[in-house]
Structure formats: C-alpha cells, structure tokens
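This briefing sets out how selected helices and strands are arranged in the structure shown below. It is intended for reading alongside the sequence.

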Amino acid sequence: MLLFPGLPMSRNTDTDDHPTTLPEAHQGAALPADEAALLRQSLDHLRHVFWVATWPEKRLLYANQEFEKVWGISPEVATHEPDRLTAAVHPDDRAGWIAAHTNPNGSDTEYRLCRPDGRVRWLRESIFPIRDAAGRPVRLVGLAKDITAYKRLGDAVRESEERFRKFFDLNPSPSCIFSARTGKVVEINTAFEELTGYARREVLGQSLGKLNLWLDPTLPALVLHALRQKAVPQAFDTTIQTRTGQIRDVTVAANLVTIGGRPCVVAVATDLTEFNDLRRQLTESEARFRSLVENAPDILICTTLDGEVTYLNHADLGCQESILLGQNLLDYATDANAIRAAMREVMTTGQAASFEAQFHFTAEHQRWCAGRVAPIRCGENITELLFRLRDIEGRKAAELELQKLYAEIAEANTKLRELDRLKARFAAMLVHDLRSPLGCVYSALELFETIGKTDDDTRHLIGVARNSLERALNLLNEVQEVYRSEETGITLNRTPFDVTDLLREVVDGIRPEADRKNITLKYELPEAGQLPSLLADRSKLLRVISNLLTNAVKFTSKGGVVMLNTAVVNGMGVNIGRDFIEISVTDTGIGIPPEDLPYVFDVYRQSRNNRSGVGVGLGLSIVKSIVAAHGGDVRVESQPGVGTSFTVSLPISAVDETPEALPPDRDQTPSPTAAGTGLTN
C-alpha cells in the first residue's frame, strides 16, 4: 500500500481526530456508524493492502491492517515520516512508483519494497479514481497485493528454463522437440544444426516430416503413431540426408513427454556414420586378417601366459584343433626348456624370442619346429602369447645328412692330403733319381763336344741332344719346385736391388730369340735409380719376368711386337696408402680363349691355342706362386687373335727395412747353360 505524505491515518474511533467513516462522495451523506464499522472490519481482514486518499490533496483517509504486515512500518510512522516510505521503495523502481501515484486516471504498477528488517518484497498495485457527479476525481483508491512468492516462483521457473536451455543446447547429441499432435518443430539444439546443416530459424514451426532429411519420408509418421499407441520410448536406426547432400547413418531415441500441458516428442540422435565406417573397416580388416592367418603356411597358436592354447589357425599338427584348445602347449614338447626360456625372455624384455623344439602332438606324428613367440598386448600389459611354428623336419634331416657328408668329405680330404704327400715324395724321388743319369749324359756331351774332332753334322746332333737334355732338366726342376712350394712354401732371400737393372738383364737374355723370329721388342726402361729400390728375391723375380717374356716371344708370330712397361701406382681398396711397381708384358700373339683365362695359372693347364706342344703348363703356376710369396699379384687380359697382357704388381718396401730372416733359397737352381749342368743331388 502507498501512503501519501502529510495525511494522518487512524483506525481507532475513540482517539482518531479524523472521521472513522469510509470515504464518501463529494456531495454524498456519510454511512451509518454500524455499517462503517462493518465495512472497516471487512477491509481489515482483506489479505491485500487497501487504502483511500483524497484528491488532489492526497490526504489519506483510510488504510487497512495489512499495511504494517507488508511494509514493516506502522501507519502512524508512515503518516508522520512520509520520507521513509519513499526511501523504502527500491531505487530502481522509485520513479515508476511516484509516477503511478500522481496519475489521476489510475494505474497498475509493480515495484520492490525494502523492509526495515532487510527483506525485499514485491508488490503489484492497482490505483483507480472515485469521481463526483461532474466526473471529477475526488478520491484515490489503491489495492496492493504481495506477489513476492509469485516472483520467486517465476525466477525459479526462468532459472530452470535457462538451465534446461543451456543443457539442451550444449548436449553433444543432436536433439529435437516437436509437437506430438502437429509434428511441428518446437526446439532444436546446436548439434542438430551441425548435423543437418539447417539453421534454427529455418526449422522452428516446420513439420518434421516435410523437412528434406529423411530418405524414408514415412518414418516420422510411423514413429509418432507408435508413440501414441504405446507411450514408451522408441529407438530406431535410419539414414538421413543433410542440407549439403551428405548421407549420414543415425540412431534415434524418441520419447513422449508433456511440456506446458502439450504432448511433445523429444528425439535424440546419435551420428553413427564414422562408427559404421570404422566397423565396416574393422570387419574387412578382420576378414583379411583371418584369411591371412588361416591360410598362412606357418602354424599360429595363441596361448595364455602359462602356455594354455586359446586359438589355432589350422590343425596341420597331426591332431584335431579341438584336442589342443585348452591344453598346455608345453606338454607337447619333447624338451620344453627352450620354449620356457623364450617365454621368460618375452615377459622380461617385451620383445619376440626364437627357439627350436621337437613336438609330439601324436604318438605317430613328431616333428621339429622352428618357433618364434611374441607378446600380445592390451594397452601396456602383456595378456597373451603368439607362437609361430614352422616345420623344419626336412631341414633337420638335411642337417644330419650334411653333417654326415661333412664327415665323409673330411675323411676324403685327409686321404687326399696323404695322397698328395705320397705324390710329392714320389716326384722328389723321381727327380732325384733322374738327375744323376741325365747329368752324366749332359757332361758326356759337353766333353765329347770339346774334343774338337767331330764334323759339323756330329756337332749339330750333339747340340740338338744338349737342347733336349736342357729341356728335360728344366722340366724336372719345375716339377720339383712346384711340389716343394705346395708342401713347404717358397722361401725368399730378400735383398734391395734396382728394378731397371733386372729388367735390362731380362731383355738382353731374350733379345736373341726375338731377333731370330723377327719380333720387335718395345720397352722404355727408366734410368737406373729412377724407380724405387725393391726389397725382394732378385733371382726369383728375374725368373718371373724372364718366363713372361719367353712366353710372349714364343706365342707371337714372326713380325709381331712384344712390349715391356713399368710404372709406380697407388694401391686401391685394402691397399690404399701403399705403393706398387707394376711390370706389364704385352704381346700381339695368338691370345688366350676366354674360357681358358680363369685357369692359366693352374698346374699342368695349357691353353688350347698352344699347338706347339712345348712345355707342360708349370711356368705360369710358378710365376703366380713367386709373386704371391712377395705379397703381390699377377693379372692377365687377353683377346684371341689380338694379343695377351700379363701385369705383375709388387709392393715397394723401404731399403732401410730389415730383410726378412729367411734361409737361402733351396729351390734356386742355376741355368744349365750358365753353370754347367746345374744339377745337384
């Protein structure tokens, strides 16, 4: 209720200075006392604030008892201290409150009242005028109602609605509310907009069945019918088409509820498109995996951590799959220690481990298997073990057969070595026994030639005999040298010497034979001292170069060319940092067929182009052995009809190095033409 400043008020007829009668019209008579008392009692029991004031003086004539209950201020205090009323009105509502009570035509207003005890109450007040016969307002009547409870209830409802709105809108599942009678959309959330591509303003008020969402347009009507017939939640899977044309798989849960007294349907969708894609991919992956596993040539077995079989890809074990399932794999191993060690390694390191074991899945079916066990993880924990078994029964049998073969080969090698020793001993004895008579014959020929009483024909025959005898003696020496080098190796007598002098000596020795065949010798030998000194066995290297030049002249036709070249080169590969002297002998002779090149250094091996029948194929074998003993190498290149080139590479050693402490070369035999027969026993 509102009190106007300066107007006294009283409800006690014995003490009030003002009349106790109810307001009367400007020219009307007062009510009888009993009727006025009756009316005042009725108004005092009214549960709303009621007041009457004059106009335009705004003098309060009456206020009922509800005033003090609502305002917390007695009417007397309000009459004498009118500013307290103005101060009690909430500051935000004060201007509207004053305007409502200065309007002669009446008004309706709501405002907040701040009571002295600190509580705030809401009032809804209606003010209307009472007019005289001329229509002029002479009284103002006010009726105020305490609506605090309603306001609080409204605030609670709005707060609840706001919470529901936020929850509904923030729900990640696309949701929609539509009328159960008309099918028109009442509300959608943001997730619904994101899924369908339709904005809220486009959907609200539209019939759900008419939206271009459903590939099956009859589905919404069927769901509504099912909900009306039986008000229980409905769930169904369907496919929708978004505004952009995308096809999405969804599952929809619908329920019939009452909102604001109206039956509505709440539908919540779950987008299953990605889930269905993943499920299809998983199904396809499982099918591929199962096909690979079941058709794998190896046996794949899943077991628990203790070895109990939980899966088997195929029963290629000599027994039924159902027999092994639930059994311990270790019970079928002849010796399970290797398997247990592999299992412990897997559990300790988390890495796969290998083993070999023999399994007896049946009494008649035993086999060796190469196995590999790997962990099967669930998160960080090892939950199962995967065994891969591969049948190696054939390999094991082959290994046993190979071991037997190795033993036989070792025994045969032992016999061959013994045979080689016997052969070498026989060759040494044969050479020794042949040297003495041949030496005597050679000496007799020399003596006979020196008598000087022979004619020319006789001397010619003696020369032929001596040449034949020299070849026989050289052949014996080569045979002895080959067998001795195979048995004890070549002994070197290393001394530093100038390579140029060695080469000149070889060229001078071969020149007569080259001149006889009209063969041109081409060489450009460096001056003495220009090439580094070589620490090697001079006599043996003299024999190597002499042998190569002799072969070049022998297999080069008349009018051909034989070239001798030297150079200092740097080593390659493992020989980087070392220097080598390369000596090459190249001819324009008949050449060596390609199929014979790999064997030119073998003992008793001659090229098929050698039609002269001279020699037995020992010279190049001796060359190879001497060069190898010096740490060098000899290479050959040839083209039939064009020529052949032999290249000898010898490592250079510093002259101040201490020569290798080796005994004198026992194989060095003087040339028969240089020192008599050159035969020793």
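**Helix packing**

Helices α15 and α16 cross in a right-handed manner. The description rests on a predicted model. Beyond this helix pair, it covers an open sheet of 5 strands in the order β7-β6-β10-β9-β8 and an open sheet of 5 strands in the order β12-β11-β15-β14-β13.

*The α15 and α16 pair*

- The axes of α15 (residues 499-516) and α16 (residues 538-554) lie 10 Å apart, and the two helices pack at an angle of about 35°.
- On the α15 side, the contact is made by D501, L502, L503, E505, V506, I510, E513 and A514.
- These residues meet R538, L541, L542, I545, S546, L549, T550 and V553 of α16.
- Sorted by class, the contact between α15 and α16 comprises 10 nonpolar, 2 polar and 4 charged residues.

*The sheet β7-β6-β10-β9-β8*

- Pairing within this sheet is antiparallel.
- Strands β7 (185-188) and β8 (234-241) form its edges, each pairing on one side only.
- On average, neighbouring strands of this sheet are turned by 30° against each other, direction ignored.
- Helix α10 (residues 273-294) packs on the sheet and touches β9 and β10 (262-271). The direction of α10 makes about 135° with that of β9.

*Strand pairs within that sheet*

- Strand β8 is joined to β9 (residues 247-259) by 8 bridges, and the two run antiparallel. T239 has D249 in β9 as its bridge partner.
- Strand β9 pairs with β10 in the antiparallel sense over 10 bridges.
- A hairpin is formed by β9 and β10, with 2 residues between them. In the turn, G260 has a positive phi of about 65°.
- Strand β6 (residues 175-179) pairs with β10 over 5 bridges, also in the antiparallel sense.
- V265 in β10 stands opposite F178, and V265 also stands opposite L256.

*The sheet β12-β11-β15-β14-β13*

- The pairing in this sheet is antiparallel.
- Its edge strands, β12 (309-312) and β13 (353-360), each pair on one side only.
- Neighbouring strands of this sheet are turned by 30° against each other on average, with direction ignored.
- Strand β11 (residues 299-303) runs antiparallel to β15 (residues 381-391), and 5 bridges join them. Opposite I301 stands F387 in β15.
- Helix α12 (residues 337-349) packs on this sheet, in contact with β13, β14 (366-378) and β15. The direction of α12 makes about 150° with that of β13.

Note on methods:
Residues numbered from 1 in each chain as written. Predicted model: local features only at pLDDT ≥ 70, side-chain atom pairs only at ≥ 80, totals over all residues. Heavy atoms only, no water. Axes fitted to C-alpha atoms, helices over the stretch in contact; angles between N-to-C directions. Helix = DSSP H or I, 4+ residues; strand = E, 2+ residues; numbered from the N terminus. Left-handed = near helix turned anticlockwise from the far one by under 90°. Contact = heavy atoms within 4.5 Å. Nonpolar A, V, L, I, M, F, W, Y, C, P; charged D, E, K, R; others polar. Pairing = 2+ DSSP bridges.
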